[in-house]
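Open your viewer, pick a cartoon view, and keep the selection box handy. We will go stop by stop, with something to select at each one.

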Amino acid sequence: MSVSSPALTDTQHAARESVRLNWALFVGQGVIMVVLGVLAIVWPQFSTLAVDIFFGWLFLISGIVGLASLLLTTSAQGFLWSLLTAALSSFVGILLLWHPIAGAVTLTLALVALFIVEGVFQIASALRYRVVFPDSWGWMLASGAADLILAGLIIAGWPSTAAWVLGIYVGVNLLTSGIAIVMVALAGRSYIRMLASESR
């Protein structure tokens, strides 16, 4: 038996159903994020280098795949632009892997932009879905606010903290996002129990 609230839009109802059906997967994802967040906070220098190396490999592999695919389509439109983009991606990947400390500074700037965008998005999502998850939307709101505060702290401490701040803030971000996901998933589980008791 399914209970549908007239106050919910189709998108909001779909979001609730997704959490209701897959709450255990969301809890697992949230717990993993919390554990990774704690590890990143405990070892910030290591996690900063790990993030830099991870992005270095992403750029390098992306560039190599792009260059390889261009060799098969040399007559395609925009070949020169695609070639330059793939070459630049490979070059950035090599630089991040060759000079991880300098790369960490650049990635920290990118992280500031990411936290600002993610914070605004999470706050907007929390406000939009507060009717769907009335008991847990505040956790998502808090996670978004934490992202904006972290971005402000990075800017305030620039550039002296760039060597370790990336790991700390990625850890805090993973921790708060993981907790928010777990709380929303548990709210979905409570919703399942409520439906089960109403159907008896």
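The tour below starts with the whole chain and then visits helices and single residues.

**Stop 1: the whole chain**

Before you select anything, keep in mind that this is a predicted model. Colour by secondary structure and you should find seven helices and zero strands. Walking along the sequence, the pattern reads α-α-α-α-α-α-α. The chain has 200 residues, and 34% of them are buried. How much of the contact map comes from residues 24 or more positions apart? Among contacts with a separation of 6 or more, such pairs account for 80%.

**Stop 2: helices H5 and H6**

Select residues 100-128 for H5 and residues 137-156 for H6. Their axes lie 8 Å apart, and the packing angle is about 155 degrees. That angle is over 145 degrees, which makes H5 roughly antiparallel to H6. The crossing of H5 past H6 is left-handed. Colour the contact between H5 and H6 by residue class, and you get 17 nonpolar residues, six polar ones and two charged ones.

**Stop 3: Ser143**

Stay on helix H6 and select Ser143. Is Ser143 buried or exposed? Ser143 has a relative accessible area of 2%, so it counts as buried. Show side chains here: the side chain of Ser143 makes a polar contact with the side chain of Gln122, at 2.7 Å. Now bring up the surroundings of Ser143. Setting aside residues up to four places away in sequence, Ser143 touches Gln122, Thr176, Ser177 and Ala180.

**Stop 4: helices H3 and H5**

Keep H5 on screen and add H3, residues 44-72. The axes of H3 and H5 come within 9 Å and cross at roughly 85 degrees. The two helices are therefore roughly perpendicular to each other. To see the contact, select Thr48, Leu49, Val51, Asp52 and Phe55 on H3, then Pro100, Ile101, Gly103, Ala104 and Leu107 on H5. Sorted by class, this contact between H3 and H5 has seven nonpolar, two polar and one charged residues.

**Stop 5: Ser47**

Another serine is worth a click: Ser47, in helix H3. Its relative accessibility is 10%, so Ser47 counts as buried. What does the side chain of Ser47 reach? Draw a distance to the backbone oxygen of Pro44, and you will find 3.1 Å. Beyond its neighbours within four places in sequence, Ser47 is in contact with Ala40 and Gly167.

**Stop 6: Phe59 and Leu96**

Move along helix H3 to Phe59. Phe59 has a relative accessible area of 35%, so this residue is partly exposed. Draw a C-alpha to C-alpha distance from Phe59 to Leu88: the two are 29 residues apart in sequence and 8.8 Å apart in space. Which residues does Phe59 touch, not counting those up to four places away in sequence? Select Ser89, Ser90, Val92, Gly93 and Leu96 to see them.

Leu96, one of those partners, is in helix H4, residues 79-98. Leu96 is buried, with a relative accessible area of 8%. Its C-alpha lies 6.6 Å from that of Ile53, although Leu96 and Ile53 are 43 residues apart in sequence. With residues up to four places away left out, Leu96 touches Asp52, Phe55, Gly56, Phe59, Gly103 and Leu107. Some of these will look familiar from Stop 4: Asp52 and Phe55 of H3, and Gly103 and Leu107 of H5, take part in the contact between those helices.

**Stop 7: Val34**

For the last stop, select helix H2, residues 23-42, and highlight Val34. Val34 counts as partly exposed, at 21% relative accessibility. Where does the chain return to Val34? Try Val182: these two residues are 148 residues apart along the chain, and their C-alpha atoms are separated by 9.4 Å. Finally, show the contacts of Val34 without its neighbours within four places in sequence, and you will find Leu174, Leu175, Gly178 and Ile179.

Methods. Residues numbered from 1 in each chain as written. Predicted model: local features only at pLDDT ≥ 70, side-chain atom pairs only at ≥ 80, totals over all residues. Heavy atoms only, no water. Axes fitted to C-alpha atoms, helices over the stretch in contact; angles between N-to-C directions. Helix = DSSP H or I, 4+ residues; strand = E, 2+ residues; numbered from the N terminus. Parallel < 35°, antiparallel > 145°, perpendicular 65-115°, else oblique. Left-handed = near helix turned anticlockwise from the far one by under 90°. Nonpolar A, V, L, I, M, F, W, Y, C, P; charged D, E, K, R; others polar. Buried < 20%, exposed > 50% of the residue type's maximum accessible area, 1.4 Å probe, protein only. Polar contact = N/O pair within 3.5 Å; in protein donor to acceptor, adjacent residues only side chain to side chain. Contact = heavy atoms within 4.5 Å.
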